[in-house]
Amino acid sequence: MSSAIPIFEAKNKLPFFIHQVEKNGAIYLSRHNKNVAVLISAKEYDALLDQIHSQNKKKSFIELAQDFRNRNQDFYSDQEIEKIFSEAKNSETISSLAENEIFSEFSEDAND
């Protein structure tokens with residue numbers, strides 16, 4: 001069961017909605033009647049990370065880099081993305097740094 005609730009309501013009743021997510025699955029958070037985020041259980045989140053990680057292990061570095069670029073085009077400019085990969089040449093292997101960048105958003109969210 002997926003439902004949508006306004007962000008202000010989630011803020012005011014967060015413990016209640018966390019229990020609902022654990023029992024019933026994802027809840028969409030909305031702003032001005034538009035879904036802008038999803039609240040999911042840690043179990044669902046971990047399963048998604050495992051799925052993403054296993055899919056990415058099958059991809060080449062070029063495919064991973066393109067996925068990173070596509071996923072982050074709204075957050076990073078092309079110049080910033082190029083800087084990430086050029087810095088990799090100077091510090092570590094490109095694939096290692098790229099993997100860290102690709103998965104850093106997931107691990108940061110998991111620690112919150």
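**Notebook: contacts, sheet and surface**

I began with the contacts of the chain: among those with a separation of 6 or more, residues 24 or more positions apart account for 40%. I note at the outset that the model is a predicted one.

I then looked up the secondary structure. I recorded six helices and three strands in the chain. Reading along the sequence, I wrote down the pattern β-α-α-β-β-α-α-α-α.

Next I turned to the sheet. I found that the three strands form an open sheet in the order 1-2-3, and that the pairing is mixed. I asked which strands stand at the edges. They are strand 1 (3-6) and strand 3 (34-39); each has a single partner strand, so one side of each is left without a neighbour in the sheet. For the twist, I noted that neighbouring strands of this sheet are turned by 40 degrees against each other on average, with direction ignored.

I went on to the pairing of strand 2 with strand 3. How many bridges join strand 2 (residues 27-31) to strand 3? I entered five, and the two strands run antiparallel. Within strand 3, I located lysine 34, and arginine 31 stands opposite this residue.

Finally I looked up burial and surface. The chain has 112 residues, and I noted that 23% of them are buried. For the exposed area of the chain I entered about 8,300 Å². Carbon and sulfur atoms supply 52% of that area.

Note on methods: Residues are numbered from 1 along each chain as its sequence is written. This is a predicted model: local features need pLDDT of at least 70, side-chain atom pairs count only at pLDDT 80 or more; totals for chains, interfaces and linings use all residues. Side-chain values use heavy atoms; hydrogens and water are left out. Two strands pair if DSSP finds at least two bridges between them. Helices (H or I, at least four residues) and strands (E, at least two) are DSSP runs, numbered from the N terminus. Axes are lines fitted to C-alpha atoms, for helices over the stretch in contact, and angles run from 0 to 180 degrees between N-to-C directions. Buried means under 20% relative accessible area, exposed over 50%, partly exposed in between (1.4 Å probe, protein chains only). Contact means heavy atoms within 4.5 Å. Accessible areas come from the Shrake-Rupley method with a 1.4 Å probe; for residues, only the protein chains shown count as cover.
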